[in-house]
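I opened a new notebook page for this structure. The entries below follow the order in which I looked things up.

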Amino acid sequence: MFKAPKINQGRLSILLAILVWLALLFVDLVRVFGIINELDSGIQDEFTWVLEILFFLCVYSFYNYSINKDTQVDFLNLIWRAASTGIFASGFSLLTSLFYSGLGDSKLAEEPFLKNFFYHINFALTAIFLISGTLLWKKLILYQRTKRVVKQWQTYEFALLIAMFFIFFNQNTLDYSFLFGMVLLVGFGIVLSINLKWIPYLNFRDKWKSLLFLAIILVSSSYLFFEVLRFSDRSQFQVNLTDNLFIVALFSFIFTYALFGFLVTLFNLPTSSVFEQKLTEALSFQRLSKSIQPEENEEKVLDILMDSCMSASFADGAWLELVKNEGEDGIQKRFVAQDLVEELSLLIQENKTAQKWAEEKQVETLEPLTIKLEHPKYESALLVPLILNRTAIGRMVLLKEVKEGFNKEMISIISTFVRQASISVENHRLLNQAIRNERYQEELKIAQRVQKALLPVVLDHNECFEICAFSNTADEVGGDYYDTFKLDEDRFVLIIGDVSGKGTSAAFHMSQMKGIFQSLIQLNLSPAEFMVKANAALSKCLERNHFITASIFLINTSHKSLCHARAGHVPTLMFEHKLGKSDYLGIEGLGLGILRNKQYENHVEQKTVSYQAGDILLLFTDGIVEAKNEKGQQFGYERIRSLLEVYNQLDPEKIQQKIIQALHDFVGGDGLIDDDYSMMVVKFRS
């Protein structure tokens, strides 16, 4: 499929402009040749006017494309482009005048072909200067565009288009219609020339440059205009190209806008420094707002703060004292040596006003303080407090070599900078804290999954009994533990434990307990022997302020017996089906890790009881019996006993569900149980 080549508008326009200008030159030279040789060329003036208009349109198209393709507006560059074009056009015109002055009264000076050639070059360069300058002014006028300004410019462009063709109406004569059109276009140009909102955005140096460039444009446009008037009086140019309403209107607009721009820029010079200072302050404020990022530290924002405050106050030196968490002072300096900082700090400490300022307890209302210094170099200082969450985290000291160097406006903007910096630092800390909390929550979720993996999914048992277990943590992880182990076909070990405390430390010790249980129980130990050896092992790894309570059972289904030992754990509840009631197994014991020597075995008891079909063993942790309702009442041992007697006919899982439901009903629908709680239910069969 044929694909049309992409046309470059700029290149095409300049190529057409050159061809049209050559055609215009050729037509007029043919006309001159006919006059010299008394021949009728047959070329009407209207043909020249058409080529002239085509040339204007091609030049307009080229510069409109060239200027608009630059999306960034550089004011100084735009003015320089107009000035440089004016310099080139004026320079060529001046050289042409000098060339003819050098020829004097020679025959070459009267050569009509040469004169017309130079005339057409001057016409082309003048038109290029005027059209390009007009479009450059358009870019400046529409910098801060409004609907009103856009409509004004569109109307002016339409009027200029009509002015191009006006020559067909007045036949290139100076009449009332020409004067009326000129007044109308000049008025439009003056209205548009008041749009100079770009000037305040120039700094002091750029304003001086713009004054120079605008002066060049004024001189160039004035010189070229007088050259146009001079050409109009020459009879050698058969068709006058410059007595044109369009050309005159552009001269007026170029000159008027350059004049207004020159005067406004000149009158803005005294206020340039103030505007630049305010702009610098605004940029500093923006830098402070964006200075802190999560991966960065606070030093960057404090560096920006010092630079901004020094710039706002024109300070000659500064330092910043920051109290760190370790209690040490961190000092950042600007143009002040360390020995001078120490010397000036002593002078500030001796100042009574500064002493009262430093002792102020209401730090949130503390304002910057200016003081005089008796120092050979620095004569005034400004003390600025750094407040974060109603706490003074340090101070900044700004120095000047003159007395009373800090005015009210300086202090106000510095206070604004410091407040913004404090907000940035606080946001940085809060963001980092949130990131740490989120990381901590993720780690807790991992720990929770790991801990759940430590609890058995399948509980060891045979057909002689049923068993179920349940555990819930108060936090993401907890310290409750239960497990089972099958010694042989008839013997099974059950254990339930509770680590003192809650959270990650309890969960860590719970994992240690599992490792010890899985290791020791394979040695075929009795419950009492297990407790002694577990205490010895845990004594070496448990923290001093931690201990573990536990209850362990050895179930022998062939003998229908339970061998039990308790290490400070809550007593186990046993329901006897034959009697229809339940009771707690009375056995003493000391928590693991409380006594860390051989004396511990004196505090271990072991008891063996028999069971019958229908009997139930209920093991639980203290989180259940100590759970409180809104009145502060505990769930208690008796309530568990009653619930077991009521629901003894159910299977273990349903008994567990009934007790847990009763627990939540007791605490309340929205109540939270503030401790880990676990439970094991064992029901013996016949």
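**Entry 1: disulfides.** I started with a search of the whole structure for disulfides, and it returned 0. The model I searched is a predicted one. I then looked up two cysteines. Cys58 counts as buried, at 12% relative accessibility. Cys563 is buried too, with a relative accessible area of 11%.

**Entry 2: confidence.** I checked how far the predictor trusts its own model. The average pLDDT of the protein is 84, and 90% of the residues score at least 70. Which elements have the lowest and the highest mean pLDDT? I found the lowest, 70, in strand 2 (residues 329-334). The highest, 95, belongs to strand 14 (residues 616-620).

**Entry 3: the whole protein.** I noted 18 helices and 15 strands. The protein has 686 residues, and buried residues make up 48% of them. For the accessible surface I wrote down about 35700 Å², with 57% of this area belonging to carbon and sulfur atoms. I also looked at contacts between residues at least 6 apart in sequence; 72% of these join residues at least 24 apart.

**Entry 4: the largest nonpolar core.** How many residues does the largest nonpolar core have? I read off 67. The residues with the most contacts inside this core are Phe55, Phe56, Trp137, Trp198, Ile217 and Phe246. I then listed the elements that give two or more residues to it: helix 1 (9-36), helix 2 (45-68), helix 3 (75-103), helix 4 (112-141), helix 5 (147-165), helix 7 (176-192), helix 8 (204-232) and helix 9 (245-290). Helix 4 supplies the largest share, 13 residues.

I followed up one of these residues, Phe56. Leaving aside residues up to four places away in sequence, Phe56 touches Phe123, Ala127, Ile131, Met164, Asn244, Phe246 and Ile247. I also found a second core, separate from the one above. This second core has 49 residues, among them Ile495, Val499, Val604 and Met680.

**Entry 5: Ser93.** I looked up a polar residue in helix 3, Ser93. Is Ser93 buried or exposed? Ser93 has a relative accessible area of 1%, so I entered it as buried. The side chain of Ser93 makes a polar contact with the side chain of Glu227, at 3.2 Å. Glu227 is also among the residues that Ser93 touches, together with Asn122, Tyr223 and Leu224, when residues up to four places away in sequence are not counted.

**Entry 6: positive phi.** I looked up two residues that have a positive phi without being glycine. Phe314 has a phi of about 55 degrees. I located Phe314 in the loop between helix 10 (299-313) and strand 1 (317-323). The relative accessible area of Phe314 is 51%, and exposed means over 50%, so I entered Phe314 as exposed.

Lys560 also has a positive phi, of about 55 degrees, and is not a glycine. Where does Lys560 lie? I placed Lys560 in the loop between strand 9 (548-556) and strand 10 (561-567). With a relative accessible area of 34%, Lys560 is partly exposed.

Technical notes: Residues are numbered from 1 along each chain as its sequence is written. This is a predicted model: local features need pLDDT of at least 70, side-chain atom pairs count only at pLDDT 80 or more; totals for chains, interfaces and linings use all residues. Side-chain values use heavy atoms; hydrogens and water are left out. A nonpolar core is a set of buried Ala, Val, Leu, Ile, Met, Phe, Trp, Tyr and Cys residues joined through side-chain atoms within 4.5 Å. Buried means under 20% relative accessible area, exposed over 50%, partly exposed in between (1.4 Å probe, protein chains only). Helices (H or I, at least four residues) and strands (E, at least two) are DSSP runs, numbered from the N terminus. Contact means heavy atoms within 4.5 Å. Accessible areas come from the Shrake-Rupley method with a 1.4 Å probe; for residues, only the protein chains shown count as cover. pLDDT is the predictor's confidence in each residue, from 0 to 100. A polar contact is a pair of N or O atoms within 3.5 Å; within protein, one must be able to donate a hydrogen and the other to accept it, and residues adjacent in sequence count only if both atoms are side-chain atoms. A disulfide is a pair of cysteine sulfur atoms within 2.5 Å.
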